[in-house]
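Please report on the fold of this chain. Cover confidence, sheets, helices and one residue in detail.

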Amino acid sequence: MSYKNDIKPILFVLSIAIGVLMCTFTTIMADQHAEPAEEAEETTSEAEATEEASEEDAPVRLENLVVVGTRAQPRSVLDSAVPIDIVSNEAFEKQAGADLPDLLRTLVPSYNVNTQPISDASTVVRPANLRGLAPDHTLVLVNNKRRHRASVIHWLGNGLSDGSQGPDLSPIPAIALRQVEVLRDGASAQYGSDAIAGVMNFQLKDNYEGGSFEFKPGIYQLGDGRQFALAGNIGLGNPDAWSNLSFEYGGADPTVRSIQRTDAIDLINAGNFSVKDPAQIWGQPIIENDIKLFANYGATLTDTLEFYGHANYARKRVEGGFYFRNPNTRNGVFSPSGKDDSLLVGDLRGLSAEMADWEARKAAAEEAGTEFTELSPHDADDIPIVNHVPDPERLQAVKNDPNLFNFQEMFPGGFTPRFGAFMWDSSVVVGVKGTALKDTLGKDLTWDLSGSFGRNHADFFIFNTVNASLGPDTPTYFDPGDYIQTDYNLNFDVTYPLSDMVFLASGLEYRDEGFEIIEGERESHQIGPLAAQGFTAASNGFSGFSPVAAGKWHRYNVAAYLETEIRPIDPLLIALAVRGEQFEIFGSTLNYKAAANYKVTETMRLRGSYSSGFRAPTPGQQNTFNITTEYDFAKGDLVNKGTIPSTNAAVGVVTGKEDNSLDPETSNNFTGGFTVDILGVNFTMDFFDIRLKNRLSVSQHFTLTDAQKTQLIAAGVTSAANLETFQFFINDFSTTTNGIDAVVTIPIPNGNAIAVYNFTNTTVTEHNPATLDDHRIRELQENLPEHRASLTVIQSITDVWSVLGRASYFSGWFDSEDYLQNPDVEGTGEYTGRVIFDLETTYTVGSGLALTLGGRNILNTFPDENPNGAGSVGNKYGQFSPFGFDGAFWYAKVGYSF
């Protein structure tokens, strides 16, 4: 398949601009260059650099200035009223791999992302969790401007992320970043919807001279999963007109951490040598042609007016595997019943009328309560199976008869669908910013007008599969359709220092968020002529989007906010914010925030905040139909499961309510903590508590009745005929998430050591047992480690040789598979914690050239083995390990800076 509807890279270089904020950053950078200090390897530090520590190799940029969380002048994280982590560009450089979510996971202990094997679109855009909440509970900014969300909705998202639709960080090349600011506090009163778990602000490099290039290849210790990334950054221009350009190009081969499934072993032992080994692959997906472009640019227009902006363009192809379709038992394809006792045979002469009559007689008998023993018109043609072997004579007879068909003719060893997507991501931000009214007001009033557009496009594909209802005429490669997300933002902000003690800020925002589903090719959702004979319709594994599912939906909202920072006495900073927002569909919401920082002594500060927050359901969550095939571990078989809009009549049958429209989630956030700096040792600790009400997620799965299937088919959901269960979005439970973040930074000779710790615990406090069962509750509460910690040491051995070592701890977690097969056995689904070790050494050759060798997980540590791996679906390890399940990864890097 070729890339279609390509957004040309002209978006990457739309215009030239500078903003006041960018000029401020440039000045800050220039000041810091006067006393060079490279950033640290780790994030989460909020301590000050000491004279004893080697600033060149410090793991954390401790006294860097941040802008997230305030609209006043940039300040140190120690002076901020809320906890903020800083991740430097150097911290990203000193790691394996190039994918930004993985790099952040290593550095921010409250941030989790893992491998998503066989997870539909979640394999393409992996869900990430900050402070134990869903991906769309975190707001992402780039240069302080809201970034668009991904088009992918996570139907399979490790439980905790199911149904979420958050931003995708992968299109951002790490080499483009100057630093990342992670605000660990609710901020809806300042930034609007989604800022419940926190805010991640990605600050782009803004230097107009110099640059760097790097090439980073790597491979897993088992010899697979080769990766590479070639990246570069260059600054051009002068202080009055500049641009900073970055690129990255890379790819990754798949990994295989499977063991052969028991059913596949049985088939091979019975003589079916067409079955592959392994029949089903668990591992990393294939990533091809991963291109990322980013530009940050600007120009000075007048003494009081500046123009700024940034843009990005990215694309890639991602391909992963699905579950194995057993050639004897896959219901509706090979088998009439899902049992290993007969093969389903289709009569190509057409028996639709006969089947309709038979089904009518069967329904009448059931309604009358009488026994019905009449065979269906095609049952006599089914091929018996004994000891995993179909009757060879009968099978050959079917193959020789042009009027009969069985899918073992096409796939004698069964098949495993391959699923993925072509991804595009693009955005443009432009703005003008200036000062005014100094003569009238006595001080500069600053203003900022900006507009942005963001677009994320997933064009799905699935191949090595069938639409069984089309029989021998089925394609094996399908285009099931596309998801497209678009975001438009228009902002106007003003700030004014009323006095040395009072700072004011206010602003207006307009946002339009759109979601589009493009219909798949006809064969991907078609009900073919063999459907009446028991063959399933639509592309097997991921049904194409039918005309009823396709469509465009938009929602706009407007907002106004007011902020102030007050310093009544020199040691005390008080920050207040209030924001009102009006949504086209949901009505209005009003949120507030109060925060403070108090300097107890020169070495100790106290800080805390309390705020309210909200998150509005996305147009995608409100309107999407989706059909997928999942392995039901409780049943031990593949099951077709669907997600339908909450407004569908079938939902009301389950909830007992006429109106099941979605509402915004609401939250109350509290943080409290302190910072201490004594004799060069820095220690920070913050407690957080997030009370989230009316929480939005997908419900548990419900069995569809025949009447509900008929209703959905009549409404145009053609693949509903194959559905066994359905789920839907619902606001039906509340949670409390609380925990602790702690950071200790200790200077050592020629380097620094930093220890970070995060504890996060989530409890479901209210729920409806009819829509949220015990399994879903365990996923929400236990799918992520409660405890994460790391110790990083970086030290310069000589002027040209440095070494980094890191130990990372992940406590235990819950994985559904074992639990669903043995729900009554204590301890099932629980995986024990692990410590993994990283090591890296860098040698500077001279003239800007540096050579690096390193290893991630150098002791080749794996999670616990899955006790049911071969007996179920062949995954040797728990699939949702927080640190992966691929083992040690070894890499090299050649870097050149100028």
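The report below goes from the whole chain to single elements.

**Model and confidence**

This is a predicted model, in which local features need pLDDT of at least 70 and side-chain atom pairs count only at pLDDT 80 or more, while totals for chains, interfaces and linings use all residues. Residues are numbered from 1 along each chain as its sequence is written, and side-chain values use heavy atoms, with hydrogens and water left out.

pLDDT is the predictor's confidence in each residue, from 0 to 100. Its mean over the chain is 86, and 89% of the residues reach 70 or more. Residues 1-63 stay under 50. For that stretch the model has 208 contacts beyond four places in sequence; a contact means heavy atoms within 4.5 Å.

**Whole chain**

The chain has 14 helices and 41 strands. These are DSSP runs, numbered from the N terminus: helices are H or I with at least four residues, strands are E with at least two. Of the 898 residues, 60% are buried. Buried means under 20% relative accessible area, exposed over 50%, and partly exposed in between, with a 1.4 Å probe and protein chains only. Among contacts between residues at least 6 apart in sequence, 72% join residues at least 24 apart. The chain exposes about 32,600 Å², and carbon and sulfur atoms supply 56% of this area. Accessible areas come from the Shrake-Rupley method with a 1.4 Å probe; for residues, only the protein chains shown count as cover.

**Strand pairs**

Two strands pair if DSSP finds at least two bridges between them. The table lists four antiparallel pairs.

| Pair | Residues of second strand | Bridges |
|---|---|---|
| β10 and β11 | 227-238 | eight |
| β11 and β12 | 241-252 | twelve |
| β3 and β8 | 177-183 | five |
| β15 and β17 | 383-386 | two |

β10 and β11 form a hairpin with six residues between them. Gly223 in that turn has a positive phi of about 95 degrees. Pro217 stands opposite Phe228 in β11. β11 also forms a hairpin with β12, with two residues between them. There, Ala229 has Gly250 of β12 as its bridge partner.

**Two open sheets**

One open sheet has five strands in the order β3-β8-β9-β6-β7, with mixed pairing. Its edge strands, β3 (84-88) and β7 (145-146), each pair on one side only. Helix α3 (residues 100-107) packs on this sheet and touches β3, β8 and β9. The direction of α3 makes about 115 degrees with that of β9. Axes are lines fitted to C-alpha atoms, for helices over the stretch in contact, and angles run from 0 to 180 degrees between N-to-C directions. Eight of the eight residues of α3 are buried, so α3 is largely enclosed by the rest of the structure. Within the first sheet, Ile86 stands opposite Glu181 in β8.

The other open sheet has three strands, ordered β15-β17-β18, with antiparallel pairing. β15 (342-343) and β18 (389-390) each have a single partner strand, so one side of each is left without a neighbour in the sheet. Helix α7 (residues 392-400) packs on it, touching β15, β17 and β18. Its direction makes about 150 degrees with that of β17.

**Thr852**

Is Thr852 buried or exposed? Thr852 counts as buried, at 5% relative accessibility. This residue is found in strand β40 (residues 849-856). Its side chain makes a polar contact of 3.0 Å with that of Thr842. A polar contact is a pair of N or O atoms within 3.5 Å; within protein, one must be able to donate a hydrogen and the other to accept it, and residues adjacent in sequence count only if both atoms are side-chain atoms. Not counting residues up to four places away in sequence, Thr852 touches Glu840, Thr841, Thr842, Tyr891, Ala892 and Lys893.
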